Amino acid sequence: MPEPRVPLRLPFVVCAALLLLLAGCGAGTLAGTDGSGATTKAEGATGVPGPPGAAGAPGRTRAAGVAPTPSPPPAPPREIPGLGPQTRAQIPAGAHQAFVVTGQSPDSNRSTAVLYTRDDPAVGWRAALAPWPAHNALNGWTAEHWEGDLRSPVGVFTLTAAGGRLDPPETAFPYDLSPDFKAEGEGFHGEPLEGSFDYVIAIDYNRVPGTSPLDHTRPLGEERGGGIWIHVDHGGPTQGCVSVTEDRMKELLGVLDPAKEPVIVMGDAASLSR
């Protein structure tokens with residue numbers, strides 16, 4: 001007769017092996033083991049430790065705790081070349097145009113003129129016109145001008161009025177058209193002075209700003225001189241003024257704007273560099 005059936009009992013070792021085989025059919029290695037019994041960290045879909053999007057995942061390159069590289073500081077505003085701190089300090093904060101006349105030496109009557117503008121104080125000054133040759137007084141420059149010394153005063157002075165014997169070019173400046181702007185005789189080199197005052201811009205040295213260049217009021221006294229202008233060059237040194245060619249005078253009158261509070265910075269190179 002057939003033998004009674006006895007339940008099949010698998011050895012303990014075989015059962016354990018079957019459990020491990022079933023676990024291997026899952027989506028991946030069980031967290032906490034690498035299949036060999038060694039402890040591992042859970043991995044995201046990217047294969048990088050930690051969940052997707054955590055620090056260290058692709059797209060996150062900055063190391064934790066590392067400060068970003070600071071941006072470089074902005075460049076300082078550009079200054080007018082050749083001017084030292086004492087001269088720059090005399091330029092009013094509201095001035096946005098500066099006509100800089102630089103003498104070759106303290107005793108020279110030849111100089112160079114450049115118009116600078118400051119449209120944005122954060123950016124600073126820039127040359128608006130190319131350098132022009134100019135004349136100044138016969139004996140050069142002085143920090144303390146006196147009547148008859150034949151030297152041009154050194155300093156920073158406002159420009160507030162113009163005038164002349166001829167109709168002005170288009171200009172925003174107050175302009176006094178008058179036949180009294182006449183020049184006669186000869187210059188120091190025998191050159192004719194006629195036409196020198198066809199166009200003038202008053203330099204506010206020892207005068208009342210905003211008045212006609214023909215106003216003879218001298219706040220510092222007559223002995224300190226006056227009537228210092230920018231005018232048409234006659235081909236030689238002046239008694240105290242600054243002179244440029246007629247074309248340059250027209251150009252200057254067309255560019256200067258009272259709303260920009262223009263100034264003239266004038267003197268020999270050594271004095272202006274202080």
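**Exercise 1.** Determine whether Ser-178 is buried or exposed, and describe its surroundings.

*Solution.* Step 1: Ser-178 has a relative accessible area of 10% and is therefore buried; buried means under 20% relative accessible area, exposed over 50%, and partly exposed in between, with a 1.4 Å probe and protein chains only. The structure is a predicted model, in which local features need pLDDT of at least 70, side-chain atom pairs count only at pLDDT 80 or more, and totals for chains, interfaces and linings use all residues. Residues are numbered from 1 along each chain as its sequence is written, and side-chain values use heavy atoms, leaving out hydrogens and water.

Step 2: The loop between β8 (175-177) and β9 (200-203) holds Ser-178. Strands (E, at least two residues) and helices (H or I, at least four) are DSSP runs, numbered from the N terminus.

Step 3: Leaving aside residues up to four places away in sequence, Ser-178 touches Gly-164, Arg-165 and Leu-214; a contact means heavy atoms within 4.5 Å.

**Exercise 2.** Locate His-231 in the secondary structure and state which residues it touches.

*Solution.* Step 1: His-231 belongs to strand β10, residues 229-232.

Step 2: With a relative accessible area of 3%, His-231 is buried.

Step 3: Not counting residues up to four places away in sequence, the contacts of His-231 include Ser-196, Phe-197, Tyr-199, Cys-241 and Met-249.

**Exercise 3.** State how many helices and strands the chain has, and what percentage of its residues count as buried.

*Solution.* Step 1: The chain has 4 helices and 12 strands.

Step 2: Of its 274 residues, 35% count as buried.
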